[in-house]
Amino acid sequence: MLLSTINTFITIMTNLAIALVLYHHIGYPLWLKRQGQKLKSNIKRTDKPSRAYLTSQQDKDLPSITLIMPAYNEQACIADKLRNLACLDYPANKLNIVIGCDGCTDNTVEVIRAVMQETSVADLNVQLIEFSENRGKVAVLNELIPNATGELVALSDISALLSIDALLTAAQQFKQQEIGVLTGHYQFLNPGSEGEKQYWQYQSNVKALEAQQGATIGVHGAFYLFRRSLFQPLAPDTINDDFILPMQIVEQGFKAQYSQQINAIELESAKLATDHKRRRRIAAGNMQQLWRLRGLLHPKHKGVAFNFASGKALRSIMPFLLLISLCGSLWLSSASIGFLLAFVGQASVYAVALITLLLKPNQRPKVLATIAYIVSGYTGSLIGACRYLIGLEKGRWHKIS
C-alpha cells in the first residue's frame, strides 16, 4: 500500500515535471510565435529617427538622459566605451554620463582621465566618481541613481558598445507615457561558443515575441533605460539587479518595452569557466527574484503574469524539474515502457552533451554544441540555485573574469 502510494506520487510529479519542461522549451515559444503572428499587424510602431547628426529645433523637446555606469577594474574596455559614447547621436546638453568607480584596483581611473583628453571625447559631459572601497554594483546604483538629473536614466555595461542612434530611438519610444522601461537587442561580437550564439538568438527571439504582446519580461544589463521618477532603491543583497529594478517598475503599472532598433554589442567573449560562474550567479538571482517579485504572478498583471510564469519563473525551477524528470523516469522505468523511453531519451541527451563538451570547440557540430551549452547551463543553474537556497550566494557584485 505504501509503495503504491509512493509510486502514484512519483508518477504525478514526474508527469508534471516532464510536461512543464516541454511547455517551457517548446509550448511557450510556439504560443508566443502564434500570438505574435496574430498581433503583428496591430503593433504600434514608432518611426526610427534619422537626422544624420544635424541639430534641429526638435532637440529641445528631447528628454534629458543620465547614463550611469558602475565600473570595477574595467581598464581593458573603458576607453572603447567612452569613444563609443562620444559617437552617439544625441544633443550634448541633454546627456550627462556618470561613471562610478567601485574601489578599482587597476588603472581604470587613469585610463578614463587620459581618454577624456582626446579631442573626439572632450565634449562628453562626464562625471567621474571614485569610491575608495569596493561595495558592489547595487550599492553604487542606489547611491548614483537618486542623484541623477536626467528625466531618463540609462544603465550600461562598460564592455557593451551601443548603436549610434540608441538614445534618439529611446527618446522616441518614451513618448508613449505607458512605457517605464526600455531595453534593446543584445548580441556578442565574438560568442564564446556556437552554443552560446544559438542560445542568445533564441532568447532574443523570445523577448521580441513577448514585446509584441506588450509584456516584455526583464531586460539585459548591457543597456536599458527607465524613467528616473519610477526608481525604487534595491535591497542591498540583490543579485540580478537588471531584472529586479525594471520589474519593480512594471509592478507599478508601467510597461517594459523591447526595441530591436537599439543594439548593444558585447565585446567580452566568455570562456567556459567564466560562463559557468555567470550562469550560477544568474540562477541564484532567478530564485531570489521569483520570491521577491511573486506579486507579478497575480492575474491582475495579465500578459506580464503569464509570461513571467511561463518564462522566468519556470526557468528558475527548471534544473529541479529536469532532475525530477530524470530520476522519476528511472524509478518508474521498470513498470512502464513510456517512462523507460523517457529515461533513455533524457539520459541520451545528457550523454551527448557530455561527449560534445569533451571535444575541441572547432570539432563540435552546431546542433550538438547548442545542446551541450544548454545542458551545461542548467548544470550551472542547479548549483547556483542550491547555493542560494542554502544561503551561500550573497548579493554583492563582482566582475567575473
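Which loop holds N73? Keep that in mind while you load the model, which is a predicted one.

**Stop 1: the sheet**

Show the strands as cartoon. You should find an open sheet of eight strands, with mixed pairing. Its order is β3-β2-β1-β4-β7-β6-β8-β5. Colour β3 (126-131) and β5 (160-162). These two stand at the edges, each with a single partner strand, so one side of each has no neighbour in the sheet. From one strand to the next, the twist averages 25 degrees.

**Stop 2: β1**

Select residues 65-71, which form β1. Buried or exposed: how do the residues of β1 sit? Seven of the seven are buried, so the strand is largely enclosed by the rest of the structure. Now show the side chains. In a regular strand they alternate between the two faces of the sheet. Here I65, L67, M69 and A71 point one way from β1. T66, I68 and P70 point the other way. All of them are buried.

**Stop 3: β2**

Move to β2 (95-102). Strands β1 and β2 pair in the parallel sense, over seven bridges. Two bridges are worth selecting. I68 has V98 in β2 as its bridge partner. A71 has C101 in β2 as its partner.

Eight of the eight residues of β2 are buried, so this strand too is largely enclosed by the rest of the structure. L95, I97, I99 and C101 point one way from β2. N96, V98, G100 and D102 point the other way.

**Stop 4: the loop after β1**

Now the opening question. N73 lies in the loop between β1 (65-71) and α2 (78-86). Check its backbone: phi is positive, about 55 degrees, although N73 is not a glycine. Most residues other than glycine have a negative phi.

Stay in this loop for E74, which also lies between β1 and α2. E74 has a relative accessible area of 8%. Buried means under 20%, so E74 counts as buried. Then draw a distance from E74 to I374. The two are 300 residues apart in sequence and 29 Å apart in space, C-alpha to C-alpha.

**Stop 5: β6 and β8**

Select 179-188 and 255-266, strands β6 and β8. They pair in the parallel sense over nine bridges. V181 has A256 in β8 as its bridge partner.

Two helices can be added to the sheet view. Helix α3 (residues 108-115) packs on the sheet and touches β2 and β3. Its direction makes about 165 degrees with that of β3. Helix α5 (residues 166-173) also packs on the sheet. Which strands does α5 touch? They are β1, β2, β5, β6, β7 (223-227) and β8. The direction of α5 makes about 175 degrees with that of β8.

**Stop 6: H185**

Centre on H185, found in strand β6. Its relative accessibility is 19% and the limit for buried is under 20%, so H185 counts as buried. What is H185 in contact with, leaving aside its neighbours within four places in sequence? The partners are S204, Y258, S259, Q260, I262, N263 and A264. For a longer view, pick M318. The C-alpha atoms of H185 and M318 are separated by 25 Å, and the two residues are 133 apart along the chain.

**Stop 7: the cavity**

How many cavities of 30 Å³ or more does the structure hold? There is one. About 40 Å³ of space lies in the largest cavity. To frame it, select the lining: P70, K137, L155, S156, D157, G221, Y224, D241 and D242. The elements that give two or more residues to this lining are β4 (152-156) and α7 (241-251). By class, the lining divides into three nonpolar, two polar and four charged residues. P70 links back to Stop 2, where it is one of the buried residues of β1.

**Stop 8: K302**

Finish at K302, in the loop between α8 (272-292) and α9 (303-332). K302 has a positive phi of about 50 degrees, although it is not a glycine. Buried or exposed: which is K302? Its relative accessible area is 66%; exposed means over 50%, so K302 is exposed.

How values were computed:
Residues numbered from 1 in each chain as written. Predicted model: local features only at pLDDT ≥ 70, side-chain atom pairs only at ≥ 80, totals over all residues. Heavy atoms only, no water. 1 Å grid on protein atoms, 1.4 Å probe; cavity = no way out; pocket = protein on both sides within 12 Å on 5 of 7 lines; lining within 4 Å. Points joined across faces, edges and corners; volume = space filled by probe spheres on them. Helix = DSSP H or I, 4+ residues; strand = E, 2+ residues; numbered from the N terminus. Nonpolar A, V, L, I, M, F, W, Y, C, P; charged D, E, K, R; others polar. Buried < 20%, exposed > 50% of the residue type's maximum accessible area, 1.4 Å probe, protein only. Pairing = 2+ DSSP bridges. Axes fitted to C-alpha atoms, helices over the stretch in contact; angles between N-to-C directions. Contact = heavy atoms within 4.5 Å.
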